[in-house]
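Work through the following exercises with the sequence and the coordinates side by side. Each task is followed by a solution that proceeds in steps.

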Amino acid sequence: MGTPVGTRAPDAPEGTPASGVLPSTAAAGQEGAPARVALVGVHGFGTHHLRNLERLQMAGAVDLVAVADPQPPAPGSVPASAVVFPGLSELLADTRNLDVIIVATPIQTHAPLALAALATEADLYLEKPPVATLADYYTLLDAAATSGRSVQIGFQSLGSHALRAIEELVAAGTIGTLQGISATGRWVRDRAYYKRSRWAGKRSINGVDVVDGVATNPLAHAVATALRIAGARTTADVASVETELYRANDIESDDTSVIRIRTASGLPITCALTICATESVEPYVTLQGSEGTAVFHYTEDRLAIETVSGRTEETYGRDDLTENLLAHRNRGVPLLSSAVDSGAFMLVLEAIRTAPEPAPIDGAYVRWEGNGEAAHAVVTGIEDALERAGRQHATFSELGLPWAGSSPTPFALPAS
């Protein structure tokens, strides 16, 4: 059964447009032969890259010459001309002159695979989150600098043309002085979601960091988009991070959390997120101004502005990040989601990774809807709690919620 228009497939990356259709742009700026591309990871998020690469190959922009995955691809999902390998090491041993390597694999594998890719002559597209620790992030940046290769991170929402419109409305004072930013995400994930792979819902596996929490994986785009709108790109752009992490599911990681950030310029950003809602709603980032608000529904590229003059709404286009990487290679077009510009996000991830284990939410405040593996947890009153947290820049404990027994954990920023 196909996905209805306006609905994302359940396994679609969060930054994928709600239509499920990856946008077509002229950003690649083809010059000469198609780019020789290898894809590492053809399942999960990898299936979306396969579809996008098929589109780009039909347009003559790329040639998917090889794929790697320990689990063979589904019949017909990979072009007959592409060679299939069980892993990246085998692929690199047998494949020469690659232009781009795309890594769409489990979080804990990102660092070693990214470093292997950067040891070649190819540029790298690395799915989000970039890596699982801040130390690995610095190693990634060093490797990219040493190799001279470019690294694009898969925060698809950062390709939205609405971001430029937001910059312009803030600069014009359309909503007055920007006083704060909130990111609100309420999704539903069932028991089966946490059984789809051995790393789902894990903070670590056998001592290897995974950090698969609500803010670092399923709703990571909410955090990344809020940071970008606030102008927080690098580690130097963040002054403080506080976390308050909870879980309703029987997992290691957090599924309901508040992340409170303050930028170097003093702007507060509060991300209130859950995958234990009554129903899934498209997430959004709210700009709180002295004379109005702007709400960006980033999965739909839809921007609504409300002031005393009234309400306006517009839907924008989006640049595909793979095409943007190709345009960067061919014509020097700036990367929309570079590894360097993921520094602020990585500070947030590190704050979550090093925070105390998520506190379990008392079962008296959790109800289960559905049956069997399709059952999902719903935290009582979570929708109102998320709204209040974002509006007041408060954590769940500060709001006095009965199940919120912990308090915000400040993150010690690394010395610059």
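Helices, of at least four residues, and strands, of at least two, are taken here as DSSP runs and numbered from the N terminus. The model is a predicted one.

**Exercise 1.** Determine what the secondary structure of the chain comes to, and set the radius of gyration of the chain beside the value from the globule rule.

*Solution.* Counting the runs gives nine helices and 20 strands. The radius of gyration is 21 Å, close to the 22 Å that the globule rule gives for 416 residues, so the chain is as compact as a globular protein of that length. Along its principal axes, the C-alpha trace spans about 60 × 50 × 50 Å. Of the 416 residues, 56% count as buried, and among contacts between residues at least 6 apart in sequence, 71% join residues at least 24 apart.

**Exercise 2.** Identify the buried residues of helix H3 and the elements they pack against.

*Solution.* Begin with the cut-off, under which a residue is buried below 20% relative accessible area. Within H3 (residues 110-118), His110, Ala111, Leu113, Ala114, Ala117 and Leu118 are the buried residues. Next, follow their packing: these residues lie against the helices H2 (88-94) and H4 (134-147), and against the strands E1 (35-40), E4 (100-103), E5 (123-126) and E6 (151-153). An α-helix has 3.6 residues a turn, so residues three or four places apart point the same way.

**Exercise 3.** Locate Ser157, and decide whether Ser157 is buried or exposed.

*Solution.* Ser157 lies in the loop between E6 and helix H5 (162-172). Ser157 is buried, because its relative accessible area is 0%. Finally, the side chain of Ser157 makes a polar contact, at 2.8 Å, with the side chain of Thr225.

Conventions
Residues numbered from 1 in each chain as written. Predicted model: local features only at pLDDT ≥ 70, side-chain atom pairs only at ≥ 80, totals over all residues. Heavy atoms only, no water. Buried < 20%, exposed > 50% of the residue type's maximum accessible area, 1.4 Å probe, protein only. Contact = heavy atoms within 4.5 Å. Rg over C-alpha atoms; globule rule 2.2 N^0.38 Å. Polar contact = N/O pair within 3.5 Å; in protein donor to acceptor, adjacent residues only side chain to side chain.
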